[in-house]
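These are my notebook entries on a structure I went through strand by strand. I wrote down what I looked up in the order in which I looked.

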Amino acid sequence: QYSTTNVQVEGVDEADIVKTDGEHIYMLGGGYLTIAKAVPADEMEVLSRTRLSEDGVQFQELYADDGYLTMIGSANSAYTSTGSAVHVNIYDVSEKTAPRLKRTVALSGTAVSTRKIGNTFYLVTEKQLPWRYNYTPEEMLGLLPKYRDSAGGNNITTMDAGEISYFPDNQWNCFLSVAALDITAPESGLY
């Protein structure tokens, strides 16, 4: 018997810096992913310690289940006009001694929240805009949120302006983006 992350809604997982599947402990810290055998307690040992170096990304949270780890971090990124991006790395940890990176995703902005329901990971980001009222259409297109996804060739993609909605009379000057992906299907698209 083992404890899981204390969640607000049953069936909706929340990220943490330490996770367990009942047999192994997964931990983020100091730029490393550490996987340890947890049971039996008298045989506890570190199985792997993987350096997480990706262009200055600091991974702060993770989800663990079904042989996959989903890690969330942040970094300054040159392809965003605000200079910040949220990074998501998905590792196959079916072989605990040799985790394999399966997918990387980066979205412009900062993380507002993440959740996981079943195999679907959800990410909400916020991208602040410079405070102005007189953007030209060309300038506005340059400010749209961007992302890159290894499942789509790692190309930088600007979000489609036709997919953006707004709230009338809203005083906030930002883009709020919601992305979802299937963690068990590394080749599937970002939606």
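In which sense do strand 2 (residues 24-29) and strand 3 (residues 32-37) pair, and over how many bridges? Keeping in mind that the model is predicted, I found that these two strands pair in the antiparallel sense, over six bridges. Within that pairing I looked up Met 27, whose bridge partner in strand 3 is Thr 34.

I then turned to the sheet to which these strands belong, and noted four strands in an open sheet, in the order 1-2-3-4, with antiparallel pairing. Strand 1 (18-20) and strand 4 (45-51) stand at its edges, and because each has a single partner strand, one side of each is left without a neighbour in the sheet. For the twist I recorded an average of 15° from one strand to the next.

Next I looked at the loop between strand 2 and strand 3, where Gly 30 lies. Is Gly 30 buried or exposed? Its relative accessibility is 71%, so I entered Gly 30 as exposed, the cut-off for that class being over 50%. I also looked up the separation of the C-alpha atoms of Gly 30 and Ala 15, which comes to 17 Å for two residues that are 15 residues apart along the chain.

My next entry concerns strand 5 (residues 58-65) and strand 6, which run antiparallel and are joined by seven bridges. Across this pairing, Tyr 63 stands opposite Thr 70 in strand 6. The hairpin formed by the two strands has two residues between them, and there I noted that Asp 66 takes a positive phi near 50°.

Strand 6 also pairs with strand 7 (residues 84-92), in the antiparallel sense and over nine bridges, and in this pairing I found Ala 75 opposite Ala 85 of strand 7. Why did I write down strand 6 (residues 68-76) as largely enclosed by the rest of the structure? I did so because seven of its nine residues are buried.

The last residue I looked up was Ser 177, which is found in strand 13 (residues 174-182). Its relative accessible area is 8%, so I entered Ser 177 as buried, given that the class requires a value under 20%. Which residues does Ser 177 touch, if those up to four places away in sequence are not counted? I listed Leu 123, Val 124, Thr 125, Pro 145 and Met 159 as the contacts of Ser 177.

How values were computed: Residues numbered from 1 in each chain as written. Predicted model: local features only at pLDDT ≥ 70, side-chain atom pairs only at ≥ 80, totals over all residues. Heavy atoms only, no water. Pairing = 2+ DSSP bridges. Axes fitted to C-alpha atoms, helices over the stretch in contact; angles between N-to-C directions. Buried < 20%, exposed > 50% of the residue type's maximum accessible area, 1.4 Å probe, protein only. Contact = heavy atoms within 4.5 Å.
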